[in-house]
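Here are a few exercises to work through with the model open beside you. Try each task before reading its solution.

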Amino acid sequence: QIAAIGLLYPATDGHWVNASGPDLPEGYFLSGEHLVWFWQHYLQTPAQATDPLASPLLAEDLHRLPPTTLWIAEYDLLRDEEEAFAVRLSEAGVKIRSKCCEGMIHGFASMAPLSDRAAAELEEFAAELRQALS
């Protein structure tokens with residue numbers, strides 16, 4: 001049985017796979033075009049985007065998930081769906097610790113060696129996850 005889940009700015013809704021054209025949003029570091037590319041390479045068919053195994057935000061029931069630590073980047077195209085996922089987990093009774101990391105962009109954890117702020121957020125995330133596993 002999984003004891004805990006740690007999620008850093010996760011994609012939780014595969015509807016991006018069906019996005020196209022100039023209406024795609026642009027963000028810091030991660031663009032709508034990137035999201036479409038990632039989903040198209042993650043799924044075998046666009047129809048799989050609605051499968052809760054690929055898009056957990058679309059699951060009817062989340063109550064069986066383990067305690068979850070979820071860090072959200074303030075400037076991330078995925079922020080709305082990540083916040084919605086945190087709400088859904090809470091409503092399902094899942095123990096959730098979520099945080100919106102102010103001033104951070106998608107991918108900030110990989111920038112920890114170059115940014116004290118990113119390193120501090122990553123360390124706090126790791127501490128929360130260690131506590132959830134203890």
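**Exercise 1.** Is Cys 100 buried, partly exposed or exposed? Keep in mind as you look that this is a predicted model.

*Solution.* Start with the cut-offs: buried is under 20% relative accessible area, exposed is over 50%, and partly exposed lies in between. Cys 100 has 27% relative accessibility, so it counts as partly exposed. Now try Cys 101: its relative accessible area is 0%, so this residue is buried.

**Exercise 2.** Find out how many disulfides the whole structure has, and check what Cys 100 and Cys 101 have to do with the result.

*Solution.* The search turns up zero disulfides. To see why for Cys 100, look for the closest cysteine sulfur: it belongs to Cys 101 and sits 6.7 Å away, too far for a bond. The cut-off here is 2.5 Å between the sulfur atoms. Coming from the other end, Cys 101 is in no disulfide either, and its nearest cysteine sulfur is that of Cys 100.

**Exercise 3.** Work out the strand order of the sheet, and say which strands stand at its edges.

*Solution.* Three strands make an open sheet, ordered β1-β2-β3, with parallel pairing. β1 and β3 each have a single partner strand, so they stand at the edges, and one side of each is left without a neighbour in the sheet. From one strand to the next, the twist averages 15°. Next, zoom in on β2 and β3: seven bridges join this parallel pair. As for a particular bridge, Thr 69 is partnered with Arg 97 in β3.

**Exercise 4.** Say which helices lie across the strands, and at what angles they run.

*Solution.* Take α2 (residues 79-91) first: this helix lies across β1, β2 and β3, and runs at about 155° to β2. Then take α3, which also lies across β1, β2 and β3 and runs at about 175° to β3.

**Exercise 5.** Describe α3 (residues 116-133): its span, its buried residues and its exposed ones.

*Solution.* First, the span: the 18 residues reach 26 Å from first C-alpha to last, close to the 26 Å expected at 1.5 Å a residue. Second, the buried residues include Ala 118, Glu 121 and Phe 125. They cover an arc of only 65° around the axis, which puts them on the same side of α3. Third, what covers the buried residues of α3 includes β1 (5-8), β2 (68-75) and β3 (96-105). Finally, turn to the other side of α3, where Asp 116 and Gln 131 are exposed.

Terms used
Residues are numbered from 1 along each chain as its sequence is written. This is a predicted model: local features need pLDDT of at least 70, side-chain atom pairs count only at pLDDT 80 or more; totals for chains, interfaces and linings use all residues. Side-chain values use heavy atoms; hydrogens and water are left out. Helices (H or I, at least four residues) and strands (E, at least two) are DSSP runs, numbered from the N terminus. The expected span of a helix is 1.5 Å times one less than its number of residues. Buried means under 20% relative accessible area, exposed over 50%, partly exposed in between (1.4 Å probe, protein chains only). The arc is that of the directions from the helix axis to the C-beta atoms. Contact means heavy atoms within 4.5 Å. Two strands pair if DSSP finds at least two bridges between them. Axes are lines fitted to C-alpha atoms, for helices over the stretch in contact, and angles run from 0 to 180 degrees between N-to-C directions.
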